[in-house]
Amino acid sequence: VIEATNSSDGVVNLLFAHGGGSTRAMFRPHARILSSKGYRCILFDMPGHGTLVRTTLTLDECSKTVKEILEKESCVPSRTIYIGASFGAYVGFHILSQLKDKFSGAILLDCGQNVGPDFSLKARIGLYFMRKFAEKMTNKAIMETMLGMGEKSKANYHLVECCYASGMFFEQGARQCDCLHAVAPAKIIPDLDFPIQFFNGAEDHRDSEDKWLSLCKDQERSVLKTYEEGDHFFCHDDRFVADMLERMDEFIKKVT
């Protein structure tokens, strides 16, 4: 937990869910900046990752983990925001559907591609190869592949020390694929009463970002921002970080 600077009794809690293979360290630099704006930031490891690497990764286990954290930290629903990126965003749809009364809003990054039950042929192929890599390659080999992807990206904002240096966790990679494919955002989003802020990189896969936004019940406050030249690692690209955090700050103030 990164406590808010100049905190008050009405402090807003931000719960950060990292991407697949990463850890709670992924959002640490972002959380430090947001804590300086008065937010209390809670970073946690997803099941199958980091300190929970031996915990079986399932959608329900993810929801259970989040529920326990919210109770432990005494988070007030009207002042609690869920923030998830990539795997943390896709699984976040399920978590939010199970714990919809625990949050006043959500911020979801890197989840513009539909990889659920009704996914496209392109997404089907991508998820197929992702599963094969996870099943056939060692964690070390996958780590090397991820490092190669990072080197090709223009992302340079604490990417290595946050997403790589703290360790990568793909021992349950096949389960990650199971979780991704089981979530159907189009069925979940319309049942969420609170607004959602979406962020994506224009160079990332995103066949459904406009659809996700159109399905939000709170159309007035829900919003989508796509960064031109941004890829899947855009939230660690210093060309976009400051603007992204400013937009998050504005959104959170509107919904809490």
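Which hand does the crossing of α1 and α10 have, left or right? View 1 has the answer.

This is a predicted model, so local features need pLDDT of at least 70 and side-chain atom pairs count only at pLDDT 80 or more, while totals for chains, interfaces and linings use all residues. Residues are numbered from 1 along each chain as its sequence is written, and side-chain values use heavy atoms, with hydrogens and water left out.

**View 1. Helices α1 and α10 cross with a right-handed turn.** Here α1 covers residues 28–35 and α10 covers residues 241–255; helices (H or I, at least four residues) and strands (E, at least two) are DSSP runs, numbered from the N terminus. A crossing is right-handed if the near helix is turned clockwise from the far one by less than a right angle, left-handed if anticlockwise. The axes sit 11 Å apart at an angle of about 50°; they are lines fitted to C-alpha atoms over the stretch in contact, and angles run from 0 to 180 degrees between N-to-C directions. The pair is therefore oblique, as angles under 35 degrees count as roughly parallel, over 145 as roughly antiparallel, 65 to 115 as roughly perpendicular and the rest as oblique. His30, Ile33 and Leu34 of α1 meet Val241, Met244, Leu245 and Met248 of α10, where contact means heavy atoms within 4.5 Å.

**View 2. Gln197 sits buried in strand β5.** The strand runs over residues 196–201. Gln197 has a relative accessible area of 4%; buried means under 20%, exposed over 50% and partly exposed in between (1.4 Å probe, protein chains only). Its side chain reaches the backbone oxygen of Arg247 at 3.2 Å. Not counting residues up to four places away in sequence, Gln197 also touches others, including Ala106, Leu108, Val223 and Phe251.

**View 3. Lys102 lies in the loop between α3 and β4.** The flanking elements are α3 (87–98) and β4 (105–109). Lys102 is partly exposed, at 29% relative accessible area. Leaving aside neighbours within four places in sequence, Lys102 is in contact with Leu70, Pro77 and Thr80. Ser78 is 24 residues away in sequence, yet its C-alpha is 7.7 Å from that of Lys102.

**View 4. Ser86 has a positive phi without being a glycine.** The angle is about 55°. Ser86 belongs to the loop between β3 (80–85) and α3, and is buried, with 17% relative accessible area.

**View 5. His158 is a non-glycine residue with a positive phi of about 55°.** Look for His158 in the loop between α5 (139–152) and α6 (159–164). His158 is partly exposed, at 33% relative accessible area.

Terms used: A polar contact is a pair of N or O atoms within 3.5 Å; within protein, one must be able to donate a hydrogen and the other to accept it, and residues adjacent in sequence count only if both atoms are side-chain atoms.
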